[in-house]
Structures are given as structure tokens and as C-alpha cells.
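Dear colleague,

I am handing over the structure below, and my notes on what was found in it follow directly after. Please read them with the model open beside you.

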Amino acid sequence: MATTVRRAVLTLPAAPLGPENPLPSLRPPAEVHTLDERARGGLPRDMARQIGYEPLRSLLPVRLRDGYGRERAEREFDSIVIENEHLRVTVLPGLGGRVHSLVHLATGRELLYRNPVFQPANFALNGAWFSGGIEWNTGATGHTTLSCAPVHAALVPAPDGGAMVRLWEWERLRDLPFQVDLWLPQDAEFLYVGVRLRNPHERPAPVYWWSNIAVPEEPGTRILAPADEAWHFGYERALRRVPVPQWEGADRTYPLAGAYPADYFYDLREGDRPWIASLDGAGQGLVQTSTGLLRGRKLFVWGAGAGGRRWQEWLTEPGTGGYAEIQAGLARTQLEHVRLEGGAEFSWLEAYGPLAADPEAVHGPDWAAARGAAGAALEAVLPRERVDAAYEAWRGCADTEPGERLAAGSGWGALEVLRAGLELPGTPFEEATLGEEQAPWLELWRTGVLPAPGRVAPPGPSLVATHWRDMLETAPADPLTEYHLGVAQWHAGDVAQAVRSWERGLPLAPSRWPLLRCLAVADALAGDPARAADGYAAAFADLAGETRGGEGWAAAEYALGLEAMAALLAAGRLPEARGVWDRLRPALRERGRFRLLAARLLAAEGHVAAARRVFEDGFEIPDLREGEETLSEAWADLTDHPLPARYDFRMRPPGEGDAR
């Protein structure tokens with residue numbers, strides 16, 4: 001059977017993704033994978049250096065994606081199916097190029113954890129993310145901002161003359177293009193994946209990559225990798241070396257052995273073959289291996305505790321089996337970023353496929369024998385030399401221009417390529433992909449003037465790179481230009497100049513609320529909650545007086561209403577917080593974040609019983625953040641009764657520091 005590639009439609013119960021948040025992301029990202037300088041002191045020098053190298057300090061220019069819900073209905077997703085006589089691979093180009101399914105045809109076994117629903121949750125750097133499959137994480141520590149975004153896809157000739165699927169996109173946090181090539185050689189039981197990250201700029205860039213593989217969390221499943229030690233990172237936010245497999249009285253290579261979520265970054269010896277496998281009680285499952293550049297291997301577990309179980313249920317539907325994550329990355333841990341010089345690139349090859357090893361050895365007490373059995377089984381079905389040879393063959397195809405287009409991504413790459421005159425063989429970012437969001441910036445580049453919008457609407461996305469900031473500084477200083485210039489200056493760390501730009505834009509602004517909101521955030525982060533509350537109250541009043549119909553206006557009212565109510569409550573301005581609530585459109589009041597704010601407001605007004613009834617009536621916060629303890633904290637303020645299970649998302653022992 002020759003390898004085939006075809007378009008298909010995948011139908012899943014799906015929650016609505018909703019619109020992007022139109023407010024610029026001025027606050028620093030809430031990233032939990034961080035270490036201070038003191039905590040880095042005892043680490044290997046290269047690891048400590050890379051942990052301290054260019055951590056992400058802003059999500060700009062990317063927008064938050066927090067408008068999704070939890071009510072699911074059948075929805076069709078465009079997919080690409082790659083198949084030979086051994087494997088069937090299903091790819092979702094509209095959702096970051098996620099590999100949704102990898103089926104071993106001889107046994108009918110799904111090698112991945114395949115989520116039976118599409119349920120966004122707040123795990124990506126910019127919000128919306130969903131569990132399952134194989135995810136391509138690039139940009140910065142965390143799940144990629146492209147988790148729920150489209151990427152470009154096309155057919156390209158494979159190294160063996162068959163068909164290969166190329167995925168590519170422009171990653172906006174670091175302003176770097178990447179590509180992922182997937183193909184099944186005609187007689188192979190392994191999916192080959194060629195990955196390339198390029199830095200087309202003159203300056204060096206911090207690079208991050210982790211291929212994130214969800215595998216079934218079945219009882220008796222063991223995770224194996226060629227390591228005797230691992231770097232453990234858990235709820236206490238400390239990175240420490242621990243033995244593999246036994247640690248603190250439990251075998252941590254079994255995902256359900258611990259109570260709480262944790263990361264285990266396996267310390268592979270340099271030069272050893274990198275691989276990781278998830279094998280069930282019969283010694284069967286999935287293995288992932290790669291060429292040597294992709295050196296990191298990781299296990300993430302949710303743990304057997306109540307919080308981890310609740311998160312597992314939250315990400316899919318009750319009665320569905322859970323999952324663990326096995327991962328492969330450019331560095332030893334996910335706290336690190338790797339320097340990529342200007343004009344240089346990183347590339348490697350990965351392979352995914354079925355593995356069967358002696359179950360008695362795999363699950364025996366001798367760890368060396370267990371990982372040795374899995375390693376030997378891998379070498380028997382896919383020798384290391386074959387992977388290296390496949391990589392060299394793929395490198396000869398990496399610059400091949402794509403043929404038939406299968407899906408379209410964003411127009412941001414086309415804008416950057418056009419502006420800088422870049423040549424990126426193999427990954428064309430064509431002018432035809434430019435759209436409405438890129439149009440004003442294209443005009444700014446061509447004419448030096450940022451055009452006024454053709455209709456009254458919340459401002460479009462801001463661009464913040466140095467070259468765009470320079471163009472904004474020399475453009476005519478109308479209110480919209482001052483707004484975008486302030487955002488770019490804020491991103492560059494020039495807070496005082498950003499505030500001046502926003503203040504300059506206010507007198508003539510037809511819509512004052514975007515500028516007032518930016519100034520309110522600046523006041524809040526400067527430690528002036530009273531002034532921030534004034535700004536938020538004025539911003540929401542201006543927006544409420546201007547709001548029109550349509551998704552964009554509802555998204556602005558939702559986002560600004562949340563920030564305004566929270567700021568007013570924090571400042572003790574209860575009547576004004578109640579005023580924001582009263583002016584909200586009724587549909588927004590029913591959303592989970594506002595239900596929680598309503599409970600907090602009622603409690604602050606002295607209506608504690610009414611606040612408890614909000615919890616008793618039940619509500620859900622679709623964008624509850626990983627590690628967030630808002631629900632448990634609010635409940636504890638209202639009563640000393642045990643936290644109901646539906647609100648228990650705690651990922652750490654009580655009183656022992658922050659969550660993962």
C-alpha cells in the first residue's frame with residue numbers, strides 16, 4: 001500500500017472557541033516555570049545560563065484567547081490524513097497542526113491519548129489550549145500561542161518520492177518562522193517528523209521547542225527513558241535532581257504513583273540515543289526518538305490526588321480515561337531558552353511509532369533492565385542509524401517549495417517577509433494570505449501613516465517589534481497611532497513614554513476607553529490601586545456608552561468589565577463595582593468569571609449567605625488557569641465547610657507554596 005494523503009473532516013463535540021480578547025496584554029505572563037537567581041545557583045552552569053536567558057516578559061503582540069465556553073455541540077474540523085499499510089495519522093491544521101490521532105492499523109490501537117471532545121482551557125501562554133495528541137510547542141516556556149490557531153499546510157515530495165505534509169507558520173513572540181514536515185515512508189511503522197526553526201534576522205534569538213505527546217494514563221503504564229536521574233519540578237517551584245525510578249518511597253515512572261502534578265526532566269547522558277516510551281502492562285505502547293539535537297525528555301503527570309483528577313475531567317468529559325505527557329525538547333528542561341544566532345537554524349528529525357518489549361523486564365524491579373529492554377526493542381525495529389539517514393535525506397527536501405495547499409495560516413508572516421524582504425525557501429509566506437488585521441500595518445509600512453479604521457470598532461492588534469515602533473514614532477500623531485505607539489513602548493520597557501503617548505492621545509480620541517484602560521493598567525502595576533480604580537471606572541463608563549452589537553464589542557465589554565470590577569473591589573469601591581455589574585449585558589453576567597465576582601461583591605456588601613448561594617447554585621469558569629486557586633480562596637472566605645469537589649482544582653498540598 002502506497003502512502004496516501006487526503007483531506008478529511010473530523011466531527012467532535014466542541015465548545016465554542018470565541019473571539020480574541022481585544023485588550024492588549026500589558027501584564028506580564030503568569031508563567032509558573034520560573035526560578036530566581038538564588039534557586040539557579042546550584043544548577044549546572046549551562047542549564048543555569050539558559051534558564052536566565054531571555055525569559056518571556058510579555059505576550060505582546062499576541063492577544064489573549066479567553067472567550068471560549070464549556071457548552072459543547074457537534075462541530076466539523078478540517079483534517080489531513082496520512083496513511084500507509086501500518087499507520088494512520090490525523091492532523092488538525094486549524095489547531096496548531098496538532099496530530100490528533102496515530103493509529104497502528106495491524107492492531108487497531110490508538111498510540112496517543114485521543115481526546116473525544118474539543119474543550120479549550122487556560123493552559124496556553126495566551127489562554128486557549130486543549131489536551132490530547134502531539135503538540136508542537138515553540139516560542140517560549142509553556143504551551144504555544146498557536147495551540148488553537150491555524151497554520152499553513154501543503155503537500156511536498158517526501159524523501160522517498162511519496163507525499164509529505166508540510167506545516168509552517170510565523171511564531172510572533174520571538175518573530176521566527178518554523179516548519180514541521182510529516183511523512184510515512186511506504187513500508188515504515190514510524191511517522192517521521194522533520195522540524196526546522198530559522199532565525200532570518202541579524203540579531204540572535206531565544207528559541208524554545210518541546211514536542212508534547214499525550215499518552216493514555218492506564219493503570220500499569222510505565223514511562224521509560226535512558227536516564228538514572230531526573231530534574232523534578234513541582235508545586236514548590238524548585239528544580240532538584242532526583243533518582244529514577246524510585247523517589248520518596250514510590251516509583252515515579254508510573255504516572256499514578258504520586259498525589260500531585262509534577263514534571264520530571266530526564267537527565268540523558270550526552271551522546272546517548274534520545275528516546276522516551278509509554279508502555280502498558282503488556283509491554284506495548286508508543287515510543288518517540290529523534291536525532292541528537294533534540295536532547296531533552298520529560299514526563300508530566302497529573303497525579304492521583306483530587307485536584308489532578310478534577311483537571312483531567314475538566315479537560316475532556318466524565319468517564320473518559322486520563323493522560324500523561326511525554327515530551328522531547330531542545331534543552332534539558334522547559335525552563336530554558338536556547339540561543340540561535342542570526343541567520344542560523346536548528347533542525348532535527350523525530351520518529352513516532354509502536355513499540356513492544358518484554359513486559360517482565362519492562363515492569364521488573366531492575367530499572368537498568370527495564371530501560372535496557374525498551375531501548376533494545378527500539379533499536380531492533382528502528383536502528384539509530386536509520387533515523388540519522390532519514391534526517392539527512394529529509395534535509396535535502398527541506399527547501400522544496402510546497403505544492404498543493406491544504407490549509408492557510410495567518411497573514412503575519414507575509415507582513416514580516418514583505419517588510420524585511422526575506423527569502424525563506426520551503427516556507428512561502430505569500431501576500432495572498434494578508435488579511436484585514438494586517439491591512440493597516442501594511443499601509444503604515446508603505447505610506448508612513450497608520451490609517452483610520454473604516455468603521456467604529458475596538459482597536460485592532462498592536463505590533464511592537466522595534467521596526468514597527470520606529471514607524472509609529474514618525475507617523476502622524478493621531479489618537480489611534482498614539483495608542484499603538486504606547487503599547488509598543490510599553491513592550492520595550494519604556495513605561496514613562498508609553499504613559500505619555502496614551503495621555504497625548506486622550507484629548508482628541510473618539511473612543512477614550514482603550515487609552516484609559518491602558519493608563520489604568522499602568523497605575524495598577526505602579527502600585528496605585530486608587531488611581532487605577534478611577535481609570536477603570538472611567539474606561540468602562542466610556543465603553544458602556546459606546547458599545548454596539550457584534551462579537552468584538554461583547555468581547556471588549558467582557559474583558560474590560562472583568563478588569564474594572566476586580567480593580568474596584570480591590571480598592572473597596574463597592575457602589576462603583578455594583579455599577580459596572582448593573583451596566584453589563586445580561587448574557588455576560590451569567591459567565592463564570594462574573595458569577596465569581598458577583599459572589600465576591602455580595603460578600604463585601606455583607607450578603608454572605610447570598611454569596612454562598614452563588615456557589616451552591618453552581619457555576620463554571622471556562623478559563624480557569626492552571627494552578628489558579630481563586631475558587632478555593634473565595635470559598636474559604638465564605639465558609640469553613642469543605643470545598644465542594646466541583647470547585648477543587650488545587651494542585652498542591654494545602655499551605656505548601658504555590659501550584660505548578
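**Surroundings of E350**

Once its neighbours within four places in sequence are set aside, E350 is in contact with W136, L191, Y192, V193, V195, W209, S211, Q288, T289, S290 and L294. Please keep in mind here, and throughout, that this is a predicted model. E350 lies in strand β26, and with a relative accessible area of 0% E350 is buried, since the cut-off for that word is under 20%.

**The nonpolar cores**

The largest nonpolar core has 86 residues, and W136, W209 and Y266 are those with the most contacts inside it; two of these names, W136 and W209, also appear among the contacts of E350. Strand β26, which spans residues 345–356, gives the most to this core, contributing 6 residues. Another core lies apart from it and has 60 residues, among them W468, A488, L515 and L560.

**The helix pair α12 and α13**

Helix α12 (residues 513–525) and helix α13 (residues 529–546) have axes that come within 8 Å and cross at roughly 160°. Angles over 145 degrees count as roughly antiparallel, and α12 and α13 are therefore roughly antiparallel to each other. Their crossing is left-handed. On the side of α12 the contact is made by W513, L516, R517, A520, V521, D523 and A524, while α13 brings R531, A532, G535, Y536, A538, A539, D542, L543 and E546. By character, the residues of this contact divide into 10 nonpolar, 1 polar and 5 charged. As a link back to the opening section, E350 and A539 are 189 residues apart in sequence and, C-alpha to C-alpha, 50 Å apart in space.

**Backbone points to check**

Most residues other than glycine have a negative phi, and most peptide bonds are trans, so the following places may be of interest to you. The peptide bond from L60 to P61 is cis, with omega near 10°, and P61 has its place in the loop between α2 (45–51) and β2 (73–83). The bond from V244 to P245 is likewise cis, with omega near 5°, and P245 sits in the loop between β17 (239–243) and β18 (246–247).

D175, although not a glycine, has a positive phi of about 60°; D175 lies in the loop between β10 (163–171) and β11 (176–183) and, at 11% relative accessibility, counts as buried. E248, also a residue other than glycine, has a positive phi near 50°; E248 lies in the loop between β18 and β19 (250–251) and, at 55% relative accessibility, counts as exposed.

With best regards

Methods
Residues are numbered from 1 along each chain as its sequence is written. This is a predicted model: local features need pLDDT of at least 70, side-chain atom pairs count only at pLDDT 80 or more; totals for chains, interfaces and linings use all residues. Side-chain values use heavy atoms; hydrogens and water are left out. Axes are lines fitted to C-alpha atoms, for helices over the stretch in contact, and angles run from 0 to 180 degrees between N-to-C directions. Helices (H or I, at least four residues) and strands (E, at least two) are DSSP runs, numbered from the N terminus. Angles under 35 degrees count as roughly parallel, over 145 as roughly antiparallel, 65 to 115 as roughly perpendicular and the rest as oblique. A crossing is left-handed if the near helix is turned anticlockwise from the far one by less than a right angle, and right-handed if clockwise. Contact means heavy atoms within 4.5 Å. Ala, Val, Leu, Ile, Met, Phe, Trp, Tyr, Cys and Pro count as nonpolar, Asp, Glu, Lys and Arg as charged, and the others, Gly among them, as polar. A nonpolar core is a set of buried Ala, Val, Leu, Ile, Met, Phe, Trp, Tyr and Cys residues joined through side-chain atoms within 4.5 Å. Buried means under 20% relative accessible area, exposed over 50%, partly exposed in between (1.4 Å probe, protein chains only).
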